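Dear colleague,

I am handing over the structure we spoke about, and below it you will find my notes on what turned up in it. Please read them with the coordinates open beside you.

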Amino acid sequence: MVKTSFKFLTEDNQAVKREGADVIQGLTQTPKTLPPKYLYDDRGSELFEEICELPEYYPTRTEASILRQCADEIAEITGSCELVELGSGSSTKTRFLLDAYQRIPGFCKYVPIDVSGGILKSSVLQLQHEYPNLSIEGLIGTYEQALAKLESITVPSRMIFFLGSSIGNFTPTDYNRFLTQISQTLRSGDYFLLGVDLQKPKAILEAAYNDKQEVTAAFNLNMLSHLNWRFRANFDTSLFRHEAIYNQADAQIEMYLHCLKSHWVSLEILDLNVFFEVGESILTEISRKFDLAVLEKQLEFQSLKTLKVWTDQNQWFGLILCQA
């Protein structure tokens, strides 16, 4: 019998409070920051799905077009293996891979991982309907939690994949730590598939993160609503304004919430009171843009050998298949 299951990787109150340590650290430093993972509650995940359909937001459709063309080749290179997806969301692009692997004898398991339980459950149930012979185990939690708790496998190999250039949201320190954890999680011969947004003109990048419909603004402001729910905070989203800028020197988009009026905010569960000055900003997300040659060397340093790279005709996005 084919199995579908869900597993929560966190949750008692003490765990929530420990998790909020990154909020305390970010809001008590200067300048203020918030971890991008708080963008993704159920509503945030819904808004991000809307962003992916916007005309200005090229990454999703560009990566999808690459996957559509190379999924069969990826499956042919790796052969039958367990598929583990970090930040699976609605698993829309994943279907190109699932279709390809369904044609590989012996393939039977997909492990999607997401911090948003709502979107993970709905996508898994939909996938089970579309792929009735596929075993699916959804893990609800952060990447770090999931990688630490992956079960041993009986199939020849495993492929962890991370699409959407979400790796660009990590600071250089967290980025190196993440690649180290990937390298340590994979056994020799296992695979890592990584989607990355590449460097391109500032105008294209800033338009993608400041869309005319202001869906990205709603997505960014929803982070404060998520904190209100998660930590019993009292953020007033009308007192903040979204803006995304491209930092050319660091090759990264920086997403901010600018304070429009001086006021106090209380986060009850974290025993934290924070004062915001008018004009003060919170950095909520970075999205680094990559150079493929540099990235391949960084992956090789982590014992992840690049097997093949695919890009679109504009060289806007890259897909890299590595082997441990």
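Thr-284 counts as buried, because its relative accessibility is 1%, where the cut-off for burial is under 20%; please keep in mind throughout that this is a predicted model. The residue lies in strand 12, which covers residues 281–288. Leaving aside neighbours within four places in sequence, Thr-284 is in contact with Leu-34, Pro-35, Pro-36 and Leu-39, with Asn-220 and Met-223, and with Met-255, Tyr-256 and Leu-257.

The sheet around strand 12 comes next. Four strands make up an open sheet in the order 2-12-9-8, and their pairing is mixed. Strand 2 (32–33) and strand 8 stand at the edges with a single partner strand each, so one side of each has no neighbour in the sheet. Strand 9 and strand 12 run antiparallel and are joined by seven bridges, and Gln-252 stands opposite Arg-288 of strand 12. Helix 10 packs on this sheet, where it touches strand 8, strand 9 and strand 12, and its direction makes about 60° with that of strand 9.

On its other side, strand 9 (residues 252–259) is joined to strand 8 (residues 240–247) by eight bridges, again in an antiparallel arrangement. Within this pair, Tyr-256 in strand 9 is the bridge partner of Glu-243; Tyr-256 is also among the contacts of Thr-284. Strand 8 and strand 9 form a hairpin with four residues between them, and in the turn Ala-251 has a positive phi of about 50°.

As for the nonpolar interior, the largest core has 39 residues, and those with the most contacts inside it are Val-23, Leu-27, Leu-34, Phe-235, Phe-240, Leu-267 and Phe-276. Among the elements that give two or more residues to this core are helix 2 (21–27), helix 3 (42–51), helix 9 (202–209), strand 8, strand 9, strand 10 (263–267) and strand 11 (272–276), while helix 10 gives the most, with seven residues. A second, separate core of 31 residues includes Leu-97, Phe-107, Val-124 and Leu-163.

Which residues does Leu-27 touch, not counting those up to four places away in sequence? They are Lys-32, Thr-33, Leu-34, Phe-235, Leu-267, Leu-272, Val-274 and Phe-276. Of these, Leu-34 is also listed among the contacts of Thr-284.

With best regards

Methods
Residues are numbered from 1 along each chain as its sequence is written. This is a predicted model: local features need pLDDT of at least 70, side-chain atom pairs count only at pLDDT 80 or more; totals for chains, interfaces and linings use all residues. Side-chain values use heavy atoms; hydrogens and water are left out. Two strands pair if DSSP finds at least two bridges between them. A nonpolar core is a set of buried Ala, Val, Leu, Ile, Met, Phe, Trp, Tyr and Cys residues joined through side-chain atoms within 4.5 Å. Buried means under 20% relative accessible area, exposed over 50%, partly exposed in between (1.4 Å probe, protein chains only). Contact means heavy atoms within 4.5 Å. Axes are lines fitted to C-alpha atoms, for helices over the stretch in contact, and angles run from 0 to 180 degrees between N-to-C directions.
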